[in-house]
Amino acid sequence: MEPTNGTGTSTGSGGGSSSGPTRRTGERQSVTVRVPATSANVGSGFDCIGLALDIWNDLTVERSDVFEIAIDGEGAERLPRDESNLVVTGMRAAFKTAGKPVPTLKYTCVNRIPFARGLGSSSAAIVSGLVAGLVLTGHELPVEGEEALLQLACGIEGHPDNVAPAIYGGLQIGVHTGDRWYTSRIQMGPGLQAVLFLPDHILETSAARAVLPDKVPRKDAIFNVSRAALLANAFATGNMKELQMAMEDSLHQPYRAAQNPHLYPLVAAAIKAGSHGACLSGAGPAIFALTSGAKGDIYSQRKGERAEQIVADCMLKAAEETNAKGRIFITSPTERGAHVVSADPPFSDLRVLHFSTAGTPL
Ligand code: HSE
């Protein structure tokens, strides 16, 4: 089961057919959902554009006699084990949508997405809770043309640039129409790599947003509109040379530079070392640089044809020079979004078709 990509191409909602009894619909005892990390803004697309990364959180939810949240991995020492955890927020929203009371549940989180670094860990929690809840309830949401899951997730998160790629994967442009959310996929070419500098310290998004002004000069708005348009065109045409300019920003990074003294030195180092462009990842404090090598998929390229290692080394050196403590993580953008790994009863059972005496499916 995987949601659609926001461009009108339905891949099914995991529900069954109305043509006969099937185990694809109905309530479930347990489910495991996998949701990707995301890097929001991509420089100029503040609060609108974001992409999914090949780093995944797994959430397993089982019906139980006792409420429990077990957390292993990133953020385990800080995340709440009570109903304030965002996986529970997502779960509650799913049950509310289904019109059912939330049963007693056991949550098991295996977190690989760095926590509170600007890589969408909150959105992943919301989306995983929502999808798991929908599977447990057996409730199907309208997908094509409505993207009801996106409406629910954005309703909780407030902006689409993490939740849209977390749900649908890929590089997404989120738009608010006035009364609903819409998202559109920008095609990415093969062979892209994301080099991330992950500071050791965390930065809560609320603190990162508190430094932003409510109003911005018109010239800064024009600066970003032109670059966000350029960003979409650079990917559409495969002209990665335009990305450096396309990822520049006047709406949030200048205000966040004081919180992130490593920002501009690392962006400059990544670009000098051969990345296509670099920026603050989401609200920070991580830095995101995009690289690629020779043509084709990254896995078919020789090391010498790729740029990510030299970019990583230069970003680390710049971090040392600015006294920013952290680590480098190299990963890839992913076109895949949230999906169900397993469920009980499973979705993959052979579907039972009922045949008429003439042998035609009813
Ligand atoms: N667009 C958001 C921001 C991403 O920059 O604050 C973090 O939620």
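**Exercise 1. Find which pocket the ligand takes up.**

Solution. Start with the terms: on a 1 Å grid over the protein atoms alone, a pocket is an open set of points with protein on both sides within 12 Å along at least five of seven lines. A molecule sits in one if more than half of its atoms lie within 2 Å of its grid points. Now look at the ligand: the space it takes is the largest pocket.

A word on the model: it is predicted, so local features need pLDDT of at least 70 and side-chain atom pairs count only at pLDDT 80 or more, while totals for chains, interfaces and linings use all residues. Residues are numbered from 1 along each chain as its sequence is written, and side-chain values use heavy atoms, with hydrogens and water left out.

**Exercise 2. List the residues around the ligand and sort them by type.**

Solution. Step one: count a residue as near if one of its heavy atoms lies within 4 Å of the ligand. That gives Ala 40, Asn 41, Phe 46, Asp 47, His 159, Asp 161, Asn 162, Thr 205, Arg 209, Arg 256, Gly 282 and Ala 283.

Step two: sort them. Asp, Glu, Lys and Arg count as charged, Ala, Val, Leu, Ile, Met, Phe, Trp, Tyr, Cys and Pro as nonpolar, and the others, Gly among them, as polar. The shell then splits into 3 nonpolar, 5 polar and 4 charged residues.

Step three: place them. Domain 1 (30-186 + 335-344) and domain 2 (193-331) both give residues to the shell, so the ligand lies between them. These bounds come from an automatic or database domain assignment.

**Exercise 3. Pick out side chains with N or O atoms close enough to the ligand for a polar contact (a pair of N or O atoms within 3.5 Å).**

Solution. Go one by one. For Asn 41, a side-chain N or O atom is 2.9 Å from a ligand oxygen. For Asp 47, the distance to a ligand nitrogen is 2.5 Å. For Asp 161, a ligand nitrogen is 2.6 Å away. Then check the cover: alone, the ligand exposes 260 Å², and the protein buries 96% of that (Shrake-Rupley method, 1.4 Å probe).

**Exercise 4. Say which residues the two cis peptide bonds join.**

Solution. One joins Gly 284 and Pro 285, with omega about 5 degrees. The other joins Asp 344 and Pro 345, with omega about 0 degrees.

Notes:
Polar contact = N/O pair within 3.5 Å; in protein donor to acceptor, adjacent residues only side chain to side chain. 1 Å grid on protein atoms, 1.4 Å probe; cavity = no way out; pocket = protein on both sides within 12 Å on 5 of 7 lines; lining within 4 Å.
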